[in-house]
Amino acid sequence: MFELMDEWGPEKVVCVSDSRTGMRGVLVIDNTARGMGKGGTRMSPSLSVAEVARLARVMTWKWAGVDLFFGGAKAGIRFDPSSPDKEAALRAFVRLLSNEIPSEYVVGLDMGLTERDAAIVQDELRSRGAAVGTPAELGGVPYDQLGVTGFGVAEATDAVFPLSGRRVVIQGLGAVGRAAARRFAELGAVVVAVSSALGAVHDPAGLDVDRLLAVPDDSAVPAYSGGTQLALGAELLVPTDVLAPCALQDVIDASLASRLSCSFVVEGANMPTSLEAQQVLAARGIPVLPDFIANAGGVVAAAYAMDARLSPFRPDPAAIYATISTKLRANAQTVISAASSAGTTPHQAARSLAESRVRTAMQLRGRLPL
Ligand SMILES: NC(=O)c1ccc[n+]([C@@H]2O[C@H](COP(=O)([O-])OP(=O)(O)OC[C@H]3O[C@@H](n4cnc5c(N)ncnc54)[C@H](O)[C@@H]3O)[C@@H](O)[C@H]2O)c1
């Protein structure tokens, strides 16, 4: 564990285990210089401490990048989320961490946990403060239903690459891709191609986004009548103004980057573009708006959820959308102009902006020399 520690953190790592269920769990609080550590809780049978620590660090940069006053943290439970003992394992995990939850860490959703699980955490610790991500019936913020992340992807893009009349290609039609498609269309863009795991469809004259989204799952793509069905992956090479990978990580490598036919890439998914690809695209004059700037709508909504768990009032979606729009637009502009004045990629500019915010907070608190 010591090998995982550097000047930024982690500040605290707590491991727990439960003999009855076989659950192993870890909480990593990475850096709290800008506020309490906040990040989701993952459940997976193959989870490692190093993976949770890496994700906690990502949260440190994410909160600083979006300029909200939380620090980085993440928790993980090594357990099979499809097991009938899931609830017992989850209850044991939070009981064992009741010194830390909710005063130092609040459970949130990540892979393997559902809204119901968040409600179970609140129940186990008899505290509404113990978890965010609960169902709307318990006063939670329904992120995916509101489509906060995809909404922010389109807003951030529009701030630095005005969308009216521009063509957009979207890879992935899940929670992020669907909401992005809707907001891209509302902002006046023409969605010319989309894909899901079941296929890809292209129409240079524009797809009918309402008709596409009327089918609630991935079959929307093969079921779409009109346009041309493409082989999976071919949508990335369709001529477009904006390319929005919103499905998987590692989809654009250096070789693909040299063949893309777009003017702007916005990362809806986490880490869809490799480091080498970012450099190839920069050399071609194609900006890549980084994931933790463009897809931060979810963390803004999580910040609202942190307030909502302590409030008797239902969260107001209009206020959440308004804050996402204001914050993500400002951040996108800051990062793109910092990149152009420093002659770096937007990723390098975003990372150094986040690092300097965290370093300043550490200096002001006396954790680093001034
Ligand atoms: N949901 C959020 O709020 C959120 C926030 C930040 C980042 N992200 C990231 O965004 C990405 C997507 O998340 P999501 O919540 O929309 O997931 P999701 O599971 O709801 O949707 C994923 C979509 O990608 C499609 N897909 C899978 N393989 C594909 C392929 N080879 N080609 C084209 N499409 C393919 C799936 O069919 C599905 O439509 C992930 O990288 C996730 O980590 C999500």
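A residue is near a molecule or strand if its C-beta atom, placed from the backbone, lies within 6 Å of it. The exercises below use this and other cut-offs.

The model is predicted: local features need pLDDT of at least 70, side-chain atom pairs count only at pLDDT 80 or more, and totals for chains, interfaces and linings use all residues. Residues are numbered from 1 along each chain as its sequence is written.

**Exercise 1. The ligand shell**

Task: State how many residues surround the ligand, and which are the closest.

Solution.
Step 1. The ligand is surrounded by 24 residues.
Step 2. The closest are G172, G174, A197, A247 and A269.
Step 3. Sort the shell by residue type. Ala, Val, Leu, Ile, Met, Phe, Trp, Tyr, Cys and Pro count as nonpolar, Asp, Glu, Lys and Arg as charged, and the others, Gly among them, as polar. The shell then holds ten nonpolar, twelve polar and two charged residues.
Step 4. Assign elements. Helices (H or I, at least four residues) and strands (E, at least two) are DSSP runs, numbered from the N terminus. At least two shell residues come from each of α4 (143-146), α6 and β7. Helix α6 supplies the largest share, three residues.

**Exercise 2. The open sheet**

Task: Give the order of the strands in the seven-stranded open sheet, and find which strands stand at the edges.

Solution.
Step 1. Two strands pair if DSSP finds at least two bridges between them.
Step 2. The order is β9-β8-β7-β6-β10-β11-β12, with mixed pairing.
Step 3. The edge strands are β9 (228-230) and β12 (288-289); each has a single partner strand, so one side of each is left without a neighbour in the sheet.
Step 4. Look at one pair. Strands β6 (residues 167-171) and β7 (residues 190-196) run parallel and are joined by five bridges. In this pair, R167 stands opposite V190 of β7.
Step 5. Add the helix. Helix α6 (residues 175-186) lies across β6, β7 and β10 (242-245) and runs at about 175 degrees to β7. For this angle, axes are lines fitted to C-alpha atoms, for helices over the stretch in contact, and angles run from 0 to 180 degrees between N-to-C directions. Contact means that the C-beta atoms of two residues, placed from the backbone, lie within 7 Å.

**Exercise 3. Burial in two strands**

Task: Decide how many residues of β6 and of β7 are buried.

Solution.
Step 1. A residue is buried if 20 or more other C-beta atoms lie within 10 Å of its own, exposed if 12 or fewer, and partly exposed in between, with C-beta atoms placed from the backbone.
Step 2. In β7, seven of the seven residues are buried, so this strand is largely enclosed by the rest of the structure.
Step 3. In β6, five of the five residues are buried.
Step 4. Side chains in a regular strand alternate between the two faces of the sheet. In β6, R167, V169 and Q171 point one way, while V168 and I170 point the other way.

**Exercise 4. Unusual backbone angles**

Task: Locate two cis peptide bonds and two residues other than glycine with a positive phi.

Solution.
Step 1. Most residues other than glycine have a negative phi, and most peptide bonds are trans.
Step 2. The bond from G9 to P10 is cis, with omega near -5 degrees. P10 is in the segment before β1 (12-17).
Step 3. The bond between I101 and P102 is cis, with omega about 5 degrees. P102 is in the loop between α2 (86-96) and α3 (115-124).
Step 4. D67 has a phi of about 65 degrees and belongs to the loop between α1 (49-66) and β5 (71-78). It has 15 C-beta neighbours inside 10 Å and so counts as partly exposed.
Step 5. R126 has a phi near 50 degrees and lies in the loop between α3 and α4. Its 7 C-beta neighbours inside 10 Å make R126 exposed.

**Exercise 5. A contact across the sequence**

Task: Find where M306 lies and which residues it touches.

Solution.
Step 1. M306 is part of helix α12 (residues 297-308).
Step 2. Leaving out residues up to four places away in sequence, M306 touches K38, V106 and V132.
Step 3. M306 and V106 are 200 residues apart in sequence, and their C-alpha atoms are 8.3 Å apart in space.
Step 4. M306 has 20 C-beta neighbours inside 10 Å, so M306 counts as buried.
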